[in-house]
Amino acid sequence: MQQHILVVDDEATVRTVMVALLERSGYSVAEATGADEAIEYLQGNPCCDLVLCDVLMPDTDGFTLLDRIGKDHPGTPVVMLTGVHDIHVATNAFRRGAVDYLLKPFDRSELIGVVSRAVEHGHLLKQNAVYRQNLEQIISARTSRLRATMLDLERSYDITLEAMGDALDMRDSETEGHSRRVTAYTIALAREVGLDAGQLHTIARGAFLHDIGKIATPDAILLKPGKLTPDEIAIMREHCTRGYEMVRKIPFLLEASEIVHAHQESFDGSGYPRGLRGEAIPLGARIFAIADTLDAMTSDRPYRSSMGFPAAREEIKRFSGRQFDPGIVEVFLAVPAELWNDLRHEVEESRAGTFGVPARLVD
């Protein structure tokens, strides 16, 4: 395939000689008397293989043209021509992107040698650009497939977690649906706090699995209808640590396991199992504590009836700074009580979405 070369020089004699020598060597050659003419030619012929450009020209010099070519036609090789024997001129040419430098006067062998190397250099640059573009497309396609695979895998994990939560609800019929409702409340409150989508997914998993440690609690204690003894209370409280030990072994649930571990901690340090205080309690667990109490107080139990959302709000407000983070309580109280009631009905009427949580909460 014939290579196309542009010769830019204000001296007609130089152009004539160079065109003759290059055409004799099989190149297709065009001429330009200055920078403006060269720019116009390149705009119409962007596939030019090489530009031979004089340094000293009237109006616009060769270095300015070199800069313009580098900006508008990256990848087009430029060889600078000059009769000035100055190392600084050569250094400046290379620094600004020239691929070679040719001193006048030159003989045919010098010209053809420089042109051959420069054209080959440009050819390699174009091959490299095409390779990078193809590589980027391949990487993009594979990344998309990997992302889709990861999303499918993540969803399969969540389906497994839902099954575990459902199994726990079936074991303790008194709290049936609690995991789904409290997860929805936790996510809704976390959104109000301002957490991002990644944090919401982590908190959703921690909230849904908060009581998973109760799987290891004996039925005689978990299902006991009467008041628990101090020893039984101690065993019941082990569910936080047991759940944490179970969940933390699963790599993608490591962050969520911190919520499982700390979901019974109180802001004033009176909670369990570690007696954490204030911001030492993970943020997700502090948000969950309010959501958990909200569901407990607005759900019927064999030993008491639901208090209703307005009464639950007042109770949570009363324990601000003690059981609950006062900053999060303030955010909670800014949400109208009827919105929590509506969310409860939405969760109970439909199990669509991860953990039965409406998709709009985590999207």
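This report describes the sheet, one helix residue and one pocket of a predicted model.

## Basis of the model

The model is predicted: local features need pLDDT of at least 70, side-chain atom pairs count only at pLDDT 80 or more, and totals for chains, interfaces and linings use all residues. Residues are numbered from 1 along each chain as its sequence is written, and side-chain values use heavy atoms, with hydrogens and water left out.

## The sheet

Five strands make an open sheet with parallel pairing, in the order β2-β1-β3-β4-β5. Strands (E, at least two residues) and helices (H or I, at least four residues) are DSSP runs, numbered from the N terminus. Two strands pair if DSSP finds at least two bridges between them. At the edges of the sheet stand β2 and β5 (100-103), each paired on one side only. From one strand to the next, the twist averages 20°; the axes behind such angles are lines fitted to C-alpha atoms, for helices over the stretch in contact, and angles run from 0 to 180 degrees between N-to-C directions.

Strand β1 (residues 4-8) has four of its five residues buried, where buried means under 20% relative accessible area, exposed over 50% and partly exposed in between (1.4 Å probe, protein chains only). Five bridges link β1 in parallel to β2 (residues 28-32), and Val 8 has Ala 32 in β2 as its bridge partner. With β3 (residues 50-54), β1 forms four bridges, also parallel; here Ile 5 is partnered by Leu 50. Strand β3 is in turn joined to β4 (residues 78-82) by four bridges in the parallel sense, with Val 51 opposite Val 78.

## Helix α1 and Leu 22

Helix α1 (residues 12-24) forms a right-handed β-α-β unit together with β1 and β2. Right-handed means that, with the strands pointing away from the viewer, the path from the first strand over the helix to the second runs clockwise.

Leu 22 belongs to helix α1. This residue is buried, because its relative accessible area is 0%. Its C-alpha atom is 8.7 Å from that of Val 115, although the two residues are 93 apart along the chain.

## The second largest pocket

The second largest pocket holds about 320 Å³ of space. A pocket is an open set of points on a 1 Å grid over the protein atoms alone, where a 1.4 Å probe fits, with protein on both sides within 12 Å along at least five of seven lines; lining residues have an atom within 4 Å of a point. Grid points are joined across faces, edges and corners, and the volume is the space filled by probe spheres set on them.

Its lining has 15 residues, with Gln 3, Asp 49, Val 119, His 123 and Lys 126 nearest the centre. Helix α5 (residues 108-171) contributes the most, eight residues.
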